[in-house]
Amino acid sequence: QLQASGGGLVQAGGSLRLSCAASGRTFSHYFVGWFRQAPGREREFVASISWAGVTTYYAESMKGRFTISRDNAKNTMYLQMNSLKPEDTAVYYCAADRRGGTSTADFVSWGQGTQVTVSS
């Protein structure tokens with residue numbers, strides 16, 4: 001089970017830190033990632049991180065602004081979001097998979113999502 005939290009309302013240029021807590025599994029055995037979905041749009045890849053946190057992947061528009069990390073001892077993944085823009089407004093979902101990747105099809109387990117709203 002995955003539980004995302006940390007969303008909220010922030011002004012453009014501001015920052016938020018999302019968390020995703022995992023339970024009922026050996027967290028370090030899973031490749032995990034963040035996706036987002038804005039109203040009327042398909043769910044899109046944001047970032048993902050390998051099992052031990054050695055390798056990270058980012059969507060092009062998030063590079064330099066977002067940082068994904070994980071703490072396997074706490075069974076938790078994070079997404080630090082800086083320099084937020086109104087177009088970052090979406091529901092953010094965390095996901096996990098034994099193999100993982102950079103697309104929605106690469107992940108089988110999903111959290112419930114947390115709303116991020118960036119005002120201009």
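Four salt bridges are present in the structure, which is a predicted model. Four residues, R36, E44, R65 and D88, are joined in a network of such contacts.

D88 takes part in a salt bridge with R36. The N to O distance between these side chains is 2.8 Å. The contact links distant parts of the chain, with the two residues 52 positions apart. R36 belongs to strand β4, which covers residues 31-37. D88 sits in the loop between β8 (76-81) and β9 (90-97). Both partners, D88 and R36, are buried.

D88 also forms a salt bridge with R65. Here the closest N and O atoms lie 2.7 Å apart. R65 is located in the loop between β6 (56-58) and β7 (66-71), and D88 in the loop between β8 and β9, so this pair ties together parts of the chain 23 residues apart in sequence. R65 is buried, as is D88.

A further salt bridge joins the side chains of E60 and K63. Its N to O distance is 3.2 Å. E60 has a relative accessible area of 61% and is therefore exposed, since the cut-off for this class is over 50%. K63 reaches 46% relative accessibility, so this residue counts as partly exposed.

The salt bridges described thus differ in setting. The R36 and D88 pair is buried, and so is the pair of R65 and D88. In the remaining pair described, E60 is exposed and K63 is partly exposed.

How values were computed:
Residues are numbered from 1 along each chain as its sequence is written. This is a predicted model: local features need pLDDT of at least 70, side-chain atom pairs count only at pLDDT 80 or more; totals for chains, interfaces and linings use all residues. Side-chain values use heavy atoms; hydrogens and water are left out. Helices (H or I, at least four residues) and strands (E, at least two) are DSSP runs, numbered from the N terminus. Buried means under 20% relative accessible area, exposed over 50%, partly exposed in between (1.4 Å probe, protein chains only).
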